[in-house]
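Visitor: Could you take me on a close look at the salt bridges in this model? I'd like to see who pairs with whom, and how open to the outside each partner is.

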Amino acid sequence: MRRAKAIHGTAEEERGRYLAVDEAAAYLSMSRRWMYRESRRHGLPRYYFGGKLRFKVTDLDDWAQQQRVH
């Protein structure tokens with residue numbers, strides 16, 4: 001019996017992935033609306049591929065670390 005391919009890759013593969021707006025919003029526990037409205041204002045790196053907004057997981061992680069409150 002063949003094993004089903006995992007939906008998500010390894011942690012390293014995940015970090016190199018680009019997320020759609022809904023996925024990025026869920027990743028950061030923010031709303032889809034916030035991602036569109038505030039991502040530019042808050043300096044969150046974003047990309048457009050074929051007219052669709054995307055966010056890279058490594059960029060989201062780096063940005064989140066910069067938001068740390070001391």
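Guide: Here is a walk through the salt bridges, pair by pair. Keep in mind that this is a predicted model. The basic idea is simple: side chains of opposite charge can pair when their charged atoms come close. In this model, the count comes to 4 salt bridges.

Let's start with arginine 17, whose side chain meets that of glutamate 23 with 3.1 Å from N to O. Arginine 17 has a relative accessibility of 23%, so it counts as partly exposed. Glutamate 23 is partly exposed too, at 38%.

Next, look at aspartate 22 and arginine 32, whose side chains form a salt bridge at 2.7 Å, N to O. Aspartate 22 sits in helix H2 (residues 21–28) and arginine 32 in helix H3 (residues 32–38), so this pair ties together parts that are 10 residues apart in sequence. Aspartate 22 is partly exposed at 45% relative accessibility, and arginine 32 is partly exposed at 41%.

Now find glutamate 38, which forms a salt bridge with arginine 41; their closest N and O atoms are 3.0 Å apart. Here the two partners fall into opposite classes. Glutamate 38 has a relative accessibility of just 9%, so it counts as buried, because buried means under 20%. Arginine 41, on the other hand, is exposed, with a relative accessible area of 63%, and the cut-off for exposed is over 50%.

Don't leave that spot yet, though: Arg37 joins in, and Arg37, Glu38 and Arg41 are linked in a network of salt bridges.

Key: Residues numbered from 1 in each chain as written. Predicted model: local features only at pLDDT ≥ 70, side-chain atom pairs only at ≥ 80, totals over all residues. Heavy atoms only, no water. Buried < 20%, exposed > 50% of the residue type's maximum accessible area, 1.4 Å probe, protein only. Helix = DSSP H or I, 4+ residues; strand = E, 2+ residues; numbered from the N terminus.
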